[in-house]
Amino acid sequence: MATVNKNLSEYDKNSIPNAKDFRFGIVVSEWNETITEGLCKGAVKALLENQVPAHHIIRWNVPGSFELIYGSKKMLQTQNVDAVIAIGCVIQGQTKHFDFVCEGVTQGIKDLNVQTDIPVIFCVLTDNTMQQSIDRSGGIHGNKGTEAAIAAIKMAYIRQQASFTHQIDDQHLLSSGALQIENLPLELKE
Ligand SMILES: Nc1c(NC[C@H](O)[C@H](O)[C@H](O)CO)[nH]c(=O)[nH]c1=O
Ligand SMILES: CC(=O)[C@@H](O)COP(=O)(O)O
(Lines give C-alpha, C1' and ligand atoms only; values in the text may rest on other atoms or scores of the structure.)
(Ligands and ions follow the chains in the order given, each with its own letter.)
Protein backbone atom coordinates (compact mmCIF):
# COMPACT_ATOMS: atom_id res chain seq x y z
CA MET A 1 0.00 0.00 0.00
CA ALA A 2 1.47 3.35 -0.92
CA THR A 3 1.61 6.17 1.59
CA VAL A 4 -0.97 8.05 -0.44
CA ASN A 5 -3.48 5.40 0.65
CA LYS A 6 -2.44 5.31 4.33
CA ASN A 7 -2.11 8.28 6.69
CA LEU A 8 1.20 7.85 8.49
CA SER A 9 -0.15 9.39 11.70
CA GLU A 10 -3.05 7.02 12.14
CA TYR A 11 -2.73 4.03 14.48
CA ASP A 12 -4.94 1.86 16.67
CA LYS A 13 -4.35 3.22 20.17
CA ASN A 14 -5.76 -0.01 21.61
CA SER A 15 -2.96 -2.02 20.00
CA ILE A 16 -0.13 -0.16 21.68
CA PRO A 17 1.54 -1.70 24.76
CA ASN A 18 2.09 0.52 27.80
CA ALA A 19 5.40 2.26 27.13
CA LYS A 20 5.85 4.04 30.49
CA ASP A 21 8.92 2.00 31.42
CA PHE A 22 10.64 2.10 28.03
CA ARG A 23 13.48 4.49 27.15
CA PHE A 24 14.01 5.74 23.60
CA GLY A 25 16.95 7.23 21.74
CA ILE A 26 16.22 9.54 18.80
CA VAL A 27 19.03 10.36 16.35
CA VAL A 28 18.16 13.23 14.00
CA SER A 29 19.91 14.23 10.76
CA GLU A 30 20.48 17.97 10.28
CA TRP A 31 20.18 17.76 6.47
CA ASN A 32 16.73 19.11 5.40
CA GLU A 33 16.33 20.28 9.00
CA THR A 34 12.80 21.67 8.63
CA ILE A 35 11.65 18.20 7.59
CA THR A 36 13.61 16.23 10.18
CA GLU A 37 12.46 18.56 12.95
CA GLY A 38 8.88 17.91 11.89
CA LEU A 39 9.51 14.16 11.93
CA CYS A 40 11.11 14.41 15.38
CA LYS A 41 8.19 16.44 16.74
CA GLY A 42 5.78 13.78 15.48
CA ALA A 43 7.83 11.01 17.05
CA VAL A 44 8.15 12.72 20.44
CA LYS A 45 4.44 13.60 20.48
CA ALA A 46 3.49 9.98 19.85
CA LEU A 47 5.86 8.69 22.54
CA LEU A 48 4.48 11.16 25.12
CA GLU A 49 0.91 10.29 24.14
CA ASN A 50 1.71 6.66 24.96
CA GLN A 51 2.92 7.35 28.50
CA VAL A 52 6.64 7.61 27.77
CA PRO A 53 8.06 10.11 30.31
CA ALA A 54 9.90 13.02 28.69
CA HIS A 55 13.07 12.15 30.60
CA HIS A 56 13.02 8.71 29.00
CA ILE A 57 13.70 10.26 25.58
CA ILE A 58 17.32 10.99 24.58
CA ARG A 59 17.93 13.03 21.42
CA TRP A 60 21.18 13.40 19.48
CA ASN A 61 21.80 15.29 16.20
CA VAL A 62 24.08 14.08 13.37
CA PRO A 63 25.16 16.01 10.22
CA GLY A 64 23.34 13.91 7.63
CA SER A 65 21.40 10.70 7.09
CA PHE A 66 24.55 8.71 6.36
CA GLU A 67 25.72 9.53 9.92
CA LEU A 68 22.53 8.05 11.35
CA ILE A 69 24.27 4.70 11.25
CA TYR A 70 27.17 5.66 13.51
CA GLY A 71 24.99 7.89 15.69
CA SER A 72 22.47 5.10 16.26
CA LYS A 73 25.25 2.62 16.99
CA LYS A 74 26.80 4.85 19.65
CA MET A 75 23.37 5.65 21.09
CA LEU A 76 22.52 1.99 21.65
CA GLN A 77 26.04 1.19 22.85
CA THR A 78 26.29 3.96 25.44
CA GLN A 79 22.74 4.85 26.47
CA ASN A 80 20.24 2.69 28.37
CA VAL A 81 17.56 2.60 25.65
CA ASP A 82 15.01 0.00 24.57
CA ALA A 83 14.84 1.22 20.96
CA VAL A 84 16.42 3.88 18.73
CA ILE A 85 14.57 5.97 16.12
CA ALA A 86 16.83 7.12 13.26
CA ILE A 87 15.34 10.23 11.60
CA GLY A 88 16.48 11.59 8.24
CA CYS A 89 15.29 13.09 4.97
CA VAL A 90 17.08 12.34 1.72
CA ILE A 91 15.86 14.24 -1.35
CA GLN A 92 16.87 13.47 -4.94
CA GLY A 93 19.37 15.99 -6.32
CA GLN A 94 21.05 16.24 -9.70
CA THR A 95 23.40 13.29 -9.23
CA LYS A 96 23.42 9.64 -8.17
CA HIS A 97 24.47 10.64 -4.63
CA PHE A 98 20.84 10.17 -3.55
CA ASP A 99 21.00 6.50 -4.50
CA PHE A 100 24.19 5.86 -2.55
CA VAL A 101 23.08 7.73 0.58
CA CYS A 102 19.71 5.96 0.63
CA GLU A 103 21.20 2.53 0.03
CA GLY A 104 23.98 3.13 2.56
CA VAL A 105 21.64 4.25 5.31
CA THR A 106 19.19 1.45 4.60
CA GLN A 107 21.85 -1.23 4.73
CA GLY A 108 23.58 0.33 7.73
CA ILE A 109 20.45 0.50 9.84
CA LYS A 110 19.49 -3.01 8.74
CA ASP A 111 22.92 -4.19 9.89
CA LEU A 112 22.42 -2.61 13.31
CA ASN A 113 19.14 -4.51 13.69
CA VAL A 114 20.91 -7.75 12.77
CA GLN A 115 24.09 -7.24 14.80
CA THR A 116 22.74 -5.68 18.01
CA ASP A 117 19.91 -6.47 20.43
CA ILE A 118 18.33 -3.00 20.31
CA PRO A 119 15.75 -2.30 17.58
CA VAL A 120 16.65 0.66 15.35
CA ILE A 121 13.65 2.15 13.56
CA PHE A 122 14.11 3.42 9.99
CA CYS A 123 12.48 6.86 9.95
CA VAL A 124 14.24 8.11 6.82
CA LEU A 125 12.29 9.81 4.05
CA THR A 126 13.74 9.06 0.60
CA ASP A 127 11.79 11.44 -1.59
CA ASN A 128 11.92 12.80 -5.10
CA THR A 129 10.88 16.31 -4.09
CA MET A 130 10.71 18.56 -1.05
CA GLN A 131 6.94 18.60 -1.37
CA GLN A 132 6.81 14.83 -0.92
CA SER A 133 8.85 15.26 2.27
CA ILE A 134 6.59 18.04 3.52
CA ASP A 135 3.55 15.86 2.87
CA ARG A 136 5.05 13.01 4.97
CA SER A 137 6.38 15.02 7.94
CA GLY A 138 3.11 16.43 9.23
CA GLY A 139 1.42 17.27 5.94
CA ILE A 140 -1.41 15.70 3.98
CA HIS A 141 -0.03 12.17 4.33
CA GLY A 142 0.58 12.42 8.06
CA ASN A 143 3.88 12.17 9.91
CA LYS A 144 6.38 9.33 9.43
CA GLY A 145 7.81 10.27 12.81
CA THR A 146 4.55 9.20 14.42
CA GLU A 147 4.67 5.91 12.55
CA ALA A 148 8.28 5.39 13.66
CA ALA A 149 7.50 6.07 17.33
CA ILE A 150 4.70 3.52 17.32
CA ALA A 151 6.99 0.99 15.65
CA ALA A 152 9.64 1.72 18.31
CA ILE A 153 7.18 1.05 21.14
CA LYS A 154 6.01 -2.19 19.55
CA MET A 155 9.56 -3.42 18.91
CA ALA A 156 10.69 -2.51 22.44
CA TYR A 157 7.78 -4.58 23.72
CA ILE A 158 8.70 -7.55 21.51
CA ARG A 159 12.29 -7.33 22.79
CA GLN A 160 11.05 -7.25 26.39
CA GLN A 161 8.73 -10.23 25.90
CA ALA A 162 11.45 -12.20 24.13
CA SER A 163 13.80 -11.68 27.08
CA PHE A 164 11.12 -13.01 29.48
CA THR A 165 10.60 -16.07 27.29
CA HIS A 166 14.34 -16.71 27.28
CA GLN A 167 14.48 -16.55 31.09
CA ILE A 168 11.49 -18.91 31.39
CA ASP A 169 13.16 -21.35 29.02
CA ASP A 170 16.35 -21.23 31.08
CA GLN A 171 14.49 -21.68 34.37
CA HIS A 172 12.42 -24.54 32.90
CA LEU A 173 15.53 -26.28 31.63
CA LEU A 174 17.17 -25.79 35.04
CA SER A 175 14.21 -27.13 37.04
CA SER A 176 13.85 -30.06 34.68
CA GLY A 177 17.54 -30.88 35.09
CA ALA A 178 18.12 -30.59 31.38
CA LEU A 179 20.40 -27.62 31.96
CA GLN A 180 23.30 -28.09 34.41
CA ILE A 181 23.62 -25.13 36.81
CA GLU A 182 27.34 -24.65 36.21
CA ASN A 183 26.59 -23.71 32.59
CA LEU A 184 24.19 -20.89 33.51
CA PRO A 185 25.07 -17.19 33.68
CA LEU A 186 25.51 -16.07 37.30
CA GLU A 187 22.22 -14.13 37.39
CA LEU A 188 20.24 -17.31 36.74
CA LYS A 189 21.96 -19.41 39.41
CA GLU A 190 20.18 -17.96 42.44
N1 LIG B 1 21.88 15.03 0.19
C2 LIG B 1 21.50 14.62 1.45
C3 LIG B 1 22.42 14.19 2.39
N4 LIG B 1 23.75 14.14 2.08
C5 LIG B 1 24.76 14.10 3.11
C6 LIG B 1 25.06 12.67 3.63
O7 LIG B 1 23.99 12.17 4.38
C8 LIG B 1 26.29 12.72 4.53
O9 LIG B 1 26.03 13.57 5.63
C10 LIG B 1 27.52 13.22 3.80
O11 LIG B 1 27.71 12.44 2.62
C12 LIG B 1 28.77 13.14 4.68
O13 LIG B 1 29.01 11.83 5.08
N14 LIG B 1 22.02 13.79 3.60
C15 LIG B 1 20.69 13.81 3.94
O16 LIG B 1 20.33 13.45 5.06
N17 LIG B 1 19.77 14.23 3.02
C18 LIG B 1 20.13 14.63 1.78
O19 LIG B 1 19.25 15.00 0.96
C1 LIG C 1 20.95 13.03 -1.59
C2 LIG C 1 22.00 14.01 -1.92
O3 LIG C 1 23.14 13.90 -1.50
C4 LIG C 1 21.64 15.04 -2.92
O5 LIG C 1 20.57 15.80 -2.37
C6 LIG C 1 22.81 15.95 -3.21
O7 LIG C 1 22.41 16.72 -4.30
P8 LIG C 1 23.19 16.53 -5.70
O9 LIG C 1 22.92 15.11 -6.17
O10 LIG C 1 22.57 17.55 -6.64
O11 LIG C 1 24.65 16.78 -5.44
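Colour the protein chain by secondary structure, and you should find five helices and six strands, where helices (H or I, at least four residues) and strands (E, at least two) are DSSP runs numbered from the N terminus. Followed from the N terminus on, these elements run β-α-β-α-β-α-β-α-β-β-α. What you are looking at is a predicted model, in which local features need pLDDT of at least 70 and side-chain atom pairs count only at pLDDT 80 or more, while totals for chains, interfaces and linings use all residues. Residues are numbered from 1 along each chain as its sequence is written, and chains are lettered from A and ligands numbered from 1 in the order in which they are written.

Zoom out for a moment: the C-alpha atoms of the protein chain fill a box of roughly 65 × 35 × 35 Å, taken along the principal axes. Buried residues make up 37% of the 190 residues in the chain; a residue is buried if 20 or more other C-beta atoms lie within 10 Å of its own, exposed if 12 or fewer, and partly exposed in between, with C-beta atoms placed from the backbone.

**First stop: β1, α1 and β2**

Select residues 24-29, which form strand β1, and residues 57-62, which form strand β2; these two strands run parallel and are joined by six bridges, and two strands count as paired if DSSP finds at least two bridges between them. To see one of these pairings, pick Val27, whose bridge partner in β2 is Trp60. Now add helix α1 (residues 33-49), which together with β1 and β2 makes a right-handed β-α-β unit. Right-handed here means that, with the strands pointing away from the viewer, the path from the first strand over the helix to the second runs clockwise.

Two loop residues deserve a selection here, and a general point helps: most residues other than glycine have a negative phi. Asn32, in the loop between β1 and α1, has a positive phi near 55°, and Asn32 is buried because 21 other C-beta atoms lie within 10 Å. Gln51, in the loop between α1 and β2, has a positive phi of about 70° although it is not a glycine, and Gln51 counts as partly exposed because it has 15 C-beta neighbours inside 10 Å.

**Second stop: β3, β4 and the core**

Select β4 (120-127) and turn it so that you look along the strand: Val120, Phe122, Val124 and Thr126 point one way, Ile121, Cys123, Leu125 and Asp127 point the other way, and all are buried. Next show β3 (residues 83-91), which pairs with β4 in the parallel sense over eight bridges; Val84, for example, has Val120 as its bridge partner in β4. The chain crosses from β3 through α3 to β4, and this β-α-β crossover is right-handed.

Which residues have the most contacts inside the largest nonpolar core? They are Ala43, Val84, Ile85, Ala86, Ile87, Ile121 and Cys123, in a core of 45 residues. Such a core is a set of buried Ala, Val, Leu, Ile, Met, Phe, Trp, Tyr and Cys residues joined through C-beta atoms within 7 Å. Keep Ile121 selected and leave aside its neighbours within four places in sequence: Ile121 is in contact with Ala83, Val84, Ile85, Ala86, Ala148, Ala151, Ala152 and Met155, a contact being two residues whose C-beta atoms, placed from the backbone, lie within 7 Å.

**Third stop: the two ligands**

Select ligand 1, which has 13 residues around it, with Trp31, Gly64, Ser65, Phe66 and Val90 coming nearest; a residue is near a molecule if its C-beta atom, placed from the backbone, lies within 6 Å of it. Strand β3 gives the largest share of this shell, four residues.

Then move to ligand 2, around which you will find Val90, Ile91, Gly93, Gln94, Thr95, His97, Phe98 and Val101. The elements giving two or more residues to this shell are β3 and α3 (97-115), and α3 gives the most, with three residues.

**Last stop: Ser133**

Finally, select Ser133 in helix α4 (residues 130-135), which counts as buried because it has 23 C-beta neighbours inside 10 Å. Apart from its neighbours within four places in sequence, Ser133 is in contact with Asn32, Ile35, Cys89, Ile91, Leu125 and Asp127. Draw a C-alpha to C-alpha distance from Ser133 to Gln160, and you will find them 33 Å apart in space and 27 residues apart in sequence.
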